[in-house]
Amino acid sequence: MYKTLIGAMLAAVMSVAAPTLMAGDDLPSKTVEQIFAQKDQLSGKRIRLIGKVVKVNNGIMGKNFLHIQDGTGGPETNDITVTSQETANKGDKVEIEALVTTNRDFGSGYAYPLILEEAKIKPAK
C-alpha cells in the first residue's frame with residue numbers, strides 16, 4: 001500500500017516539476033567567425049556566443065556597446081559589436097545570447113553591416 005501511495009505521489013510531483021527548457025537553451029552556439037560567415041542565414045535569429053570583452057562604450061543612445069572577440073576570424077571578422085541594456089568590463093569572459101542583425105543604421109554615423117542586439121550577458125564558465 002505504501003509503495004503505491006509513494007509511487008502516486010512521486011508521479012504527481014514529477015508531472016508538476018517536469019523539466020522545461022530555459023530561454024536560450026536551444027540557441028545555436030556560434031563563433032565570431034561563424035557569425036560573420038553565416039550572417040545572412042542568421043539574420044533575425046538569436047544565437048549564443050562566448051568570448052572576451054575587448055571594448056566597452058556604455059550609455060550611447062540608451063544602449064551599451066561591447067566588442068567581443070573569441071580568437072576566431074581574420075582582420076575583418078574577429079571582432080563583433082554587441083548592444084545590450086546590460087554591460088560587462090573590458091577583459092571579462094562572457095556568454096552572450098543575442099539577436100543577429102544585418103545592415104543596422106542607428107544614424108549619427110553608427111552603421112553596422114553586422115551587429116548583435118538585445119543581448120543578455122552573463123559571465124562565461
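**Overall architecture and local features of the predicted model**

The secondary structure of the protein amounts to three helices and five strands. The model described here is a predicted one. Read from the N terminus, the elements follow the order α-α-α-β-β-β-β-β. Of the 125 residues, 32% count as buried. The exposed surface of the protein comes to about 8,000 Å², of which carbon and sulfur atoms supply 56%. Contacts across the sequence are well represented too: among those between residues at least 6 apart, 53% join residues at least 24 apart.

A natural place to begin is the interior. The largest nonpolar core has 20 residues, and the members that touch the most others are Ile-35, Leu-49, Ile-68, Ile-80, Ile-96 and Leu-116. Two or more residues of this core come from each of α2 (32-37), β1, β2 (63-69), β3 (80-84), β4 (93-105) and β5 (111-123). Leu-116 offers a good view of how these parts meet. Leaving out residues up to four places away in sequence, Leu-116 touches Ile-35, Ile-47, Leu-49, Ile-80, Thr-81, Val-82, Thr-83, Ala-98, Leu-99 and Val-100.

Strand β1 spans residues 46-60 and includes Arg-48. This arginine is buried, because its relative accessible area of 13% falls under the 20% cut-off. Two polar partners can be named for the Arg-48 side chain. One is the side chain of Glu-97, joined to that of Arg-48 by a polar contact of 3.2 Å. The other is the backbone oxygen of Leu-27, which lies 3.4 Å from a polar atom of the Arg-48 side chain.

Strand β2 deserves a closer look, beginning with Leu-66, which has its place in this strand. Leu-66 counts as buried, since its relative accessibility is 0%. Apart from neighbours within four places in sequence, Leu-66 is in contact with Val-53, Lys-55, Val-56, Ile-80, Thr-81, Val-82, Glu-86, Thr-87, Ala-88 and Ile-121. The C-alpha atoms of Leu-66 and Val-54 are 7.5 Å apart in space, with 12 residues of separation in sequence.

His-67 is also placed in β2. At a relative accessible area of 18%, His-67 is buried, because the cut-off for burial is under 20%. The side chain of His-67 makes a polar contact of 2.7 Å with that of Asp-79. Asp-79 appears again among the residues that His-67 touches, which, not counting those up to four places away in sequence, are Lys-52, Val-53, Val-54, Lys-55, Asp-79, Ile-80 and Thr-81.

Aromatic side chains add another set of links, with four aromatic pairs in the structure. In one of these, Phe-65 and Phe-106 meet edge-to-face, with 5.7 Å centre to centre and 70 degrees between the planes. Phe-65 belongs to strand β2 and Phe-106 to the loop between β4 and β5, so this pair ties together parts that are 41 residues apart in sequence. Both Phe-65 and Phe-106 are buried. Ring pairs extend the picture to a cluster made of Phe-65, Phe-106, Tyr-110 and Tyr-112.

The loop that carries Phe-106 leads on to the β4 and β5 hairpin. Strands β4 and β5 pair in the antiparallel sense over 10 bridges. Asp-105 has Ala-111, in β5, as its bridge partner. Five residues lie between the strands of this hairpin, where Gly-107 takes a positive phi near 85 degrees.

Two further backbone details are worth pointing out, both in residues other than glycine. Most residues other than glycine have a negative phi. Asn-103, however, has a positive phi near 55 degrees, and this residue has its place in strand β4. With a relative accessibility of 64%, Asn-103 counts as exposed, because the cut-off for exposure is over 50%. In Glu-118 phi is likewise positive and near 55 degrees, and Glu-118 is found in strand β5. Glu-118 has a relative accessible area of 52% and is therefore exposed.

Notes
Residues are numbered from 1 along each chain as its sequence is written. This is a predicted model: local features need pLDDT of at least 70, side-chain atom pairs count only at pLDDT 80 or more; totals for chains, interfaces and linings use all residues. Side-chain values use heavy atoms; hydrogens and water are left out. Helices (H or I, at least four residues) and strands (E, at least two) are DSSP runs, numbered from the N terminus. Buried means under 20% relative accessible area, exposed over 50%, partly exposed in between (1.4 Å probe, protein chains only). A polar contact is a pair of N or O atoms within 3.5 Å; within protein, one must be able to donate a hydrogen and the other to accept it, and residues adjacent in sequence count only if both atoms are side-chain atoms. A nonpolar core is a set of buried Ala, Val, Leu, Ile, Met, Phe, Trp, Tyr and Cys residues joined through side-chain atoms within 4.5 Å. Contact means heavy atoms within 4.5 Å. Two strands pair if DSSP finds at least two bridges between them. Accessible areas come from the Shrake-Rupley method with a 1.4 Å probe; for residues, only the protein chains shown count as cover. Rings of Phe, Tyr and Trp (its six-membered ring) pair if their centres lie within 6.5 Å; planes under 30 degrees apart count as stacked, over 60 as edge-to-face and the rest as tilted.
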